Each structure stands twice: as C-alpha cells, then as structure tokens.
Amino acid sequence: MTLMAERGLQTPQMSVEEFERIAAFAAKETDDAVRLEFINGRIGVKRVADGDHNTIVTWLLRRCMQYRPDLDLYQGQGLRVEKYRDGRARPDAVLVPEEHFAGHGEWADPSGVLLVLEVTSYDSDTDRRDRQEKPVAYGAAGIPFYLLVDRDACAVKLYSDPDPGVGYGNCRTAPFGVALLIPEPLGIELDTEKLKQYVD
C-alpha cells in the first residue's frame, strides 16, 4: 500500500467546521499565542516562532522586495488546502501579488498564491508536518512553489511543479551557503549564506 493510500485511510479527528471554531477560540483566548492548523485530518499546533525563525522570514521578505517589489509577503495568513482532506494550513509566510489578500478572511483560498514558506522548528512533529504532509497539501492546492528552510538539515528545499496526485513533481535542495534560484514567474535568487547564522 502506498503512503498516499495509507493516509487516505486515516480518519479525521473532526470536521473542518469544528476545527475552525476551535482555532478561532484558541487564537482569541491566547491572544494569538497558540496558532492551530488542520492537516491530514489532524490538529497541529504551530510553535511560537523564535527570533531566528522570524529573522529567516524577514530575510526572505528583503530578498523578495529586492527582486519583486510588486509582491507582498504575508505572515500568519491561513490557507484553505481543501484538496488535501479539507485542510487548513498557516504557512510561516505566503508570497502573493500586491494586496492579494485584501478582503479575505482568516482562511483564504490558495489560488493566486505564488509561494509558501515554512521554516522548521525544533519540535517532534517537524518531519511529519513540514517535510511530508505540507508538500502534499501545498502541491495539491496548486501553489507553484513551496520553500522549506530546514534548520535541522542546514539546507533550503524548493518544491515546484505542483501535481494534485503527489504534491510536487520536483524538489531541489541547496545546502546553506549555496545560491538557490526560484525560477520564473518569480525570478528570485537567494544567497543562503546568511542562514548559517540562524541555526542552533
């Protein structure tokens, strides 16, 4: 049995509507200190970002502004990744055309999203969540690029060529210190040398 088939047999913990009510309550009651996601039918807790994590997001923001000032990088925007078991994901950052999310609610449709960013946290479910489930979820949603800054592996992974059946058809890995080009339609070159400073 394939991994996709095994995942398809898992029973969701709850409906997506129940999850959204719980997520809204948690955000309100904790002043957004607790951020929840609903991936592969299960609730996941997004760890509160540390300073290095936030600095990596800011690093990407600066690169995007340098190459593509016509784009916006949103932090904390929830996405409906519904093709992947009615999921709700909250990427560390989402790159979109300017003002793309104006008028959207907490959980936006992923159409029009150009890239999602995740930065690994040092927690027990990083491997399952960021390296296994999210490439499937984001690819199935048709998001052109998924950029994973993997602080454990000291590498950046760029997933591309979304395919609803498998997630992404292509993944390139660049160790920290090696330049990585995000191809057109973005055309952004990332010098990853600085990322070496933001790992424990």
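Start by selecting strands E3 and E6 in this predicted model. E3 and E6 run antiparallel to each other and are joined over 4 bridges. To find the register, pick Leu 71, which stands opposite Pro 97 in E6.

Keep E6, residues 93-97, on screen and switch on the surroundings. Of the 5 residues in E6, 4 are buried, so the strand is largely enclosed by the rest of the structure. Now add strand E8, residues 115-119. E8 pairs with E6 in the antiparallel sense, over 3 bridges. A useful pair to label here is Val 94 and its bridge partner in E8, Val 116.

Next, go to Leu 115. Setting aside residues up to four places away in sequence, Leu 115 touches Ala 93, Val 94 and Leu 95, and also Leu 60, Ile 143, Phe 145, Leu 147, Ile 182 and Leu 186. A second core lies apart from the largest one; this other core has 17 residues, among them Leu 79, Val 81, Val 116 and Leu 148.

Now select the largest nonpolar core, which has 27 residues. Leu 60, Leu 115, Leu 117, Leu 147 and Leu 186 have the most contacts inside this core. At least two of its residues come from each of helix H3 (51-67), E3, E6, E8, strand E9 (145-150), strand E10 (155-163), strand E12 (180-182) and strand E13 (188-190). H3 gives the largest share, 5 residues. In soluble globular proteins, nonpolar side chains tend to be buried together.

Return to the end of E3 and select Gln 77. Gln 77 sits in the loop between strand E3 (71-74) and strand E4 (78-81). Is Gln 77 buried or exposed? Its relative accessible area is 12%, under the 20% cut-off, so Gln 77 counts as buried. Draw a distance from its side chain to the backbone oxygen of Gly 105: the side chain of Gln 77 reaches that atom at 3.2 Å. Beyond its neighbours within four places in sequence, Gln 77 is in contact with Ala 89, Arg 90, Pro 91, Val 94, Phe 101, Gly 105, Glu 106, Trp 107 and Ala 108. Val 94, the bridge partner of Val 116, is thus one of the residues that Gln 77 contacts.

Finally, zoom out to the whole chain. The secondary structure comes to 4 helices and 13 strands. Of the 200 residues, 45% count as buried. Among contacts with a separation of 6 or more, 56% are between residues 24 or more positions apart. With the surface displayed, the accessible area comes to about 9,400 Å², and 51% of that belongs to carbon and sulfur atoms.

Methods. Residues are numbered from 1 along each chain as its sequence is written. This is a predicted model: local features need pLDDT of at least 70, side-chain atom pairs count only at pLDDT 80 or more; totals for chains, interfaces and linings use all residues. Side-chain values use heavy atoms; hydrogens and water are left out. Buried means under 20% relative accessible area, exposed over 50%, partly exposed in between (1.4 Å probe, protein chains only). A polar contact is a pair of N or O atoms within 3.5 Å; within protein, one must be able to donate a hydrogen and the other to accept it, and residues adjacent in sequence count only if both atoms are side-chain atoms. Contact means heavy atoms within 4.5 Å. Two strands pair if DSSP finds at least two bridges between them. A nonpolar core is a set of buried Ala, Val, Leu, Ile, Met, Phe, Trp, Tyr and Cys residues joined through side-chain atoms within 4.5 Å. Accessible areas come from the Shrake-Rupley method with a 1.4 Å probe; for residues, only the protein chains shown count as cover.
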